[in-house]
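These are my notebook entries on a structure I wanted to look up piece by piece. I begin with a single side chain and work outwards from there.

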There are 2 protein chains.
Amino acid sequence: MKWTVPRLSYKLPPTIAQIPKSGRPGQEISVTGFIRSVRRQKRVSFAVISDGSNASGLQAVFANSSLVDNLTNGASARFSGKLVESPGKKQDLELAVDQVEVLGACDAATYPIQKQTLSVEHLRNNLHLRSRTTRTGAMLRMRSQLMKSMFLYFDSQGFQFTHTPILTSNDAEGAGETFSIADDPEEPFFGRPAHLTVSAQLHLEALMAGLSRVYTLSPCFRAEHSQTNRHLAEFWMLEAEWIDASREGVQGLCSLVEDSLKALAADIVAGEPFSALWDTHKDDTRRQAILACLDAAPWRRMTYSDAVEHLIASGVQFEHTPTWGSGLQSEHEKWLAEQFVAGPVFVTDYPKSLKPFYMMENDDGKTVACFDLLVPHVGELVGGSVREARPDVLKAKMEAAGVSGKEYEWYQQLREFGGAPHVGYGMGFERLVSWLSGIENVRECVAMPRWSGKMLL
Amino acid sequence: MKWTVPRLSYKLPPTIAQIPKSGRPGQEISVTGFIRSVRRQKRVSFAVISDGSNASGLQAVFANSSLVDNLTNGASARFSGKLVESPGKKQDLELAVDQVEVLGACDAATYPIQKQTLSVEHLRNNLHLRSRTTRTGAMLRMRSQLMKSMFLYFDSQGFQFTHTPILTSNDAEGAGETFSIADDPEEPFFGRPAHLTVSAQLHLEALMAGLSRVYTLSPCFRAEHSQTNRHLAEFWMLEAEWIDASREGVQGLCSLVEDSLKALAADIVAGEPFSALWDTHKDDTRRQAILACLDAAPWRRMTYSDAVEHLIASGVQFEHTPTWGSGLQSEHEKWLAEQFVAGPVFVTDYPKSLKPFYMMENDDGKTVACFDLLVPHVGELVGGSVREARPDVLKAKMEAAGVSGKEYEWYQQLREFGGAPHVGYGMGFERLVSWLSGIENVRECVAMPRWSGKMLL
C-alpha cells in the first residue's frame, strides 16, 4: 500500500531515513541526531548518528579528528558536511563532517543507555530513554507503520474510523476487572459512577447503527493482576463492527480478518522496522513462518469441537485435559497453532457457556457463531462473533446474564429501531506487534507499559 | 492528498458512497441501509436509503408499490434491483427495486429519530442513535477524513505516530483538575496513585528523545465543571514534538502548524462531509472564511504585546479591560480573530507569568517563546511553544513552580542526557472539527461527549 505525498510549503529538513531518497553524493547537508558510537583513530574518526528514523543511522566520518573530542555516546549534535558514497557499501551514503555543533552533552559514565546495561528489566526502569535503543525504536516505528496500513485497508473497505469513549457508565457486567474513577459518592462528577472502558464494542455497535461500517483503535483497561507476557492493564485494541446483510456470518468475518491481516503484514514485512527487528534474531524460523502466512493460501479454519477432538487425539500430556465445554488453555492454543497447524488458525463456534451474551447462538443450540484467531507464539490474537441482532432473543439472553435494566436499554434499542445482522471483532494491538516483531513480551510492544504494580512516568 | 487502494482478496459490497465509482446503469446490485423517508404514490413509490457513507443516501424507486408496505422510517432493509440513471439529475444513479428484505423493523411512532424531534438536546439524550442523523453522520465522517489527512501529512514530514499512556503518575502539577483512579490507598494497583492524562506532552518529549519527530492523537481528560461550548471532560488532542536544531523557534513552529492545517483543511474542503455540513447553513460567510484561509498568503502573526495594544486602541468596551500581563479573555480572542484580523492569527510571546514552566524564556526576561493560534468562532485552536532545553534553567524553573522532586527527575534527565532544542504544540481535535464543520458546540463534534453532569452509554 502506498502513500501519495502531499505538497508542503514548509518542509522540515530530511531525516536520516529520508536521505537516500532526497540526498545525492556531493550534497552539503546538516543532520541532527544523537551519538550511538564513536570510533577514534589517528588519522580519521567515525561516529554513528541516529535520529530514530531508522535502525542503521548514518555513518559520520571526521577527517579532522579533533571534531570528535567533545562527542560522547548519547550526546545530541548537528553535523554539517558533504554526503559521500560509503566505500564499503555501494548503495549507502555517509557524511564527511566538517562542522559539529553539540546541542546537548551527555555524561557517558551515568548515561542509562549503555551497551552493557541493556537488559529488559533495566530498560523498563528507564522508559523515558528506552526509545533510544534500536529495538524499541524499531518497535515504535512498526506501530506507526501499522497505523497507516490499518487506515488504508479499512478506508478501502468503506469503514469510518471513529473515537469511542474511554469513560463509560458500563462496568463490563460488574466482572470486577474495571478501573473506576475516584469520585464523591454524594455528588459524582458525571452524576453516576464512571469506569474506564474494557472494550469499545458496545459503543461501536451504536455508531454502526448510523455508519454501517466502523472501526477504532482505542485504549482499553483491565484491572487484572496478571503478570503474563500477554497482558497489560492499559492496552490498545483495534475493534471493528459492520453490517452483514448477506449473513456470511463467521466465515465472512474470518475472511475480512485474514484479508486485513495479510494486507497489514505485507506492508510491515516490506518495511524497515521489520528487518531491523528480525535481523538480530538468531533463529530465522519464526520470520519465515510470518512470511509463509502471507501466501494466497487461506488460513486453516476449524470448529472448537474439531479442535478439542484434535487435542484429545494428539496424545500430548497437557496440564489441563482437553474436554468439550471447557475453555482452550494457553497450552492448547499453543499446540494447535504451533504444532498441529504450524500457522494461524481460526477456531470457530465455541460452546455458548464460554462466551458473552451478545454472541449469536447457532442452530445446534449449544454453540455460538464466533471465532478466535490463534497464531504461533502469541496465542489468541483476534476474537470476534456474529452479534445477536434479534431484539427478543437478545433481551432474554441479557436477562439471563444479569445485564438487563435501564442501563442497557440503549443497547437493546439498537435492535428494536431498525437493527441489522452484524458482525465484529477485536484485536489486541500489542499482541499484533508481538507477533510481527518477534518481541515476546507485550511490555516491550508499547512505549510506556502499565501493569499490576508498575506504572512509570 | 490521495490514497492508493490496496489489493483486496475479500471485498465487502460497495457502500452507497462507493456506487458512483463502482456502479453503472443497468447493473444489478443489492444495497443495505436504513430508511430515511418513504413517499407513497399511486403508481410508483420512492424511498431514500442511507448507510451513513454519505449524506445524500440513495433514492430507491418501487414500480411495485406493495414493496414499500412494510417500510417505515428507521427500518433496516436490503434492496435488490437495477441501477438506473436518475431522470432529474444526470450524474446520479438511483435503484429500481424489485426485491426488499426487511432486516430490522422500526416502530415509526416510538423511533427517537423523527424530523420534528431533532433538537440538539433530544439528540444528546439519544446518543446511541444520533449517528443516524445526517448532521452527526457527516461530522463523524469528517473526523475519519481528518485522521487520514493527519497521517499523510505527518508521515511526509518524517514524524512517527506514537501512543502515549492514558494512566499516569503525573497529576498535572496538582492543579486539581485531573481525574484519579479509585484505589486501595494501602495497596494501590500500580504501587502509586494513578491519574488520567491531561496532556501527552511530557511523554511525547520522552519519545522524541529517541525518534526526533513524534505526534499522537490521544484522549485527554479534565475534571473541570465547565459548561461552555468549547470544553469537554474527555476530549481528543493532537500533539506533536520535534527537534528544532536550527532554532527556528516560534516562527518555525507556527509555519508547520499553518502548513499542516492548510493541508488538512484542503482535504476536508474537497470532501463530502464538508459540503454536507455547510450546505445546510443559511449564512455562507463562515464557509467562505475557511476557504479564504487556504490561500497561499501566510496567516497573520503578532506578539501578545502588540495584540494587547490593538485591543486597547480598538476602543471596544470589553468586559475585561485588556492589560499587559493578564490573559487574553474569550472576548479579546474573538475580537482579534473575527474583527481585527478576520481570519486565523498567531499570537506569540506571552508573559511568562501566564505560562507553564516548560516554556523557554525569551531574552527580554519577561515573555516566553510560545504561541496561541486563534481562529474565528472557535477562539484558541492550537497552543505551542519552544520547550526549555537547558538542564539547569529547567531545573530552576521547576523548583520555582513547585514541580520538582523525584517524580520529575526523568523529565530533567531528558535534557541532561543529550537533549536538543525542541518545540511542540497541542490542538483540540473537537475544536478543529468545530471550526471546519461550523458546528458550534464541541458536544456535537464527538460521537459520545462527556462533560460535568453528563455521561451517557
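Is B:Tyr304 buried or exposed? I looked up its relative accessible area in this predicted model, and at 0% B:Tyr304 counts as buried, because the limit for that class is under 20%.

**Entry 1: aromatic pairs**

I then searched the whole structure for aromatic pairs and found 51 over all chains. The pair I looked up in chain A joins A:Phe154 and A:Tyr215, which are stacked, with 4.3 Å from centre to centre and 20° between the planes. I noted where the two partners lie: A:Phe154 belongs to helix α4 (residues 134-156) and A:Tyr215 to strand β9 (residues 213-221), so this pair ties together parts of chain A that are 61 residues apart in sequence. Both A:Phe154 and A:Tyr215 are buried.

I returned to B:Tyr304, which forms an edge-to-face pair with B:Trp324, at 5.8 Å centre to centre and with 75° between the planes. B:Tyr304 lies in helix α9 (residues 304-313) of chain B, while B:Trp324 lies in the loop between α9 and α10 (330-340), so parts 20 residues apart in sequence are tied together by the pair. B:Tyr304 is buried, whereas B:Trp324, at 39% relative accessibility, counts as partly exposed.

**Entry 2: charges over rings**

In chain A, I found the charged end of A:Arg132 sitting over the ring of A:Phe34, 4.2 Å from the ring centre. In chain B, I found B:Arg415 over the face of B:Tyr411, and here the distance to the ring centre is 4.3 Å.

**Entry 3: a proline and its contacts**

I located A:Pro165 in the loop between β6 (160-161) and β7 (167-168) of chain A, and I recorded this proline as buried, with a relative accessible area of 3%. Which residues is A:Pro165 in contact with, leaving aside its neighbours within four places in sequence? From chain A, I listed A:Thr197 and A:His203, and from chain B, I listed B:Glu234, B:Met448 and B:Arg450. I also looked up the separation of A:Pro165 from A:Ala233, and these two residues are 68 apart in sequence and 17 Å apart in space, C-alpha to C-alpha.

**Entry 4: how the copies are related**

Finally, I laid chain A on chain B, which takes a turn of 180° and a shift of 0.0 Å along the axis and gives an RMSD of 0.0 Å. I noted this as the relation of a two-fold axis. Of the interface residues of chain A, 100% are also interface residues in chain B, so the copies meet through the same surface.

Terms used:
Residues numbered from 1 in each chain as written. Chains lettered and ligands numbered in written order. Predicted model: local features only at pLDDT ≥ 70, side-chain atom pairs only at ≥ 80, totals over all residues. Heavy atoms only, no water. Least-squares fit on C-alpha atoms with pLDDT ≥ 70 in both. Contact = heavy atoms within 4.5 Å. Helix = DSSP H or I, 4+ residues; strand = E, 2+ residues; numbered from the N terminus. Buried < 20%, exposed > 50% of the residue type's maximum accessible area, 1.4 Å probe, protein only. Phe/Tyr/Trp six-rings, centres within 6.5 Å; stacked < 30°, edge-to-face > 60°. Lys NZ or Arg CZ within 6 Å of the ring centre and 35° of its normal.
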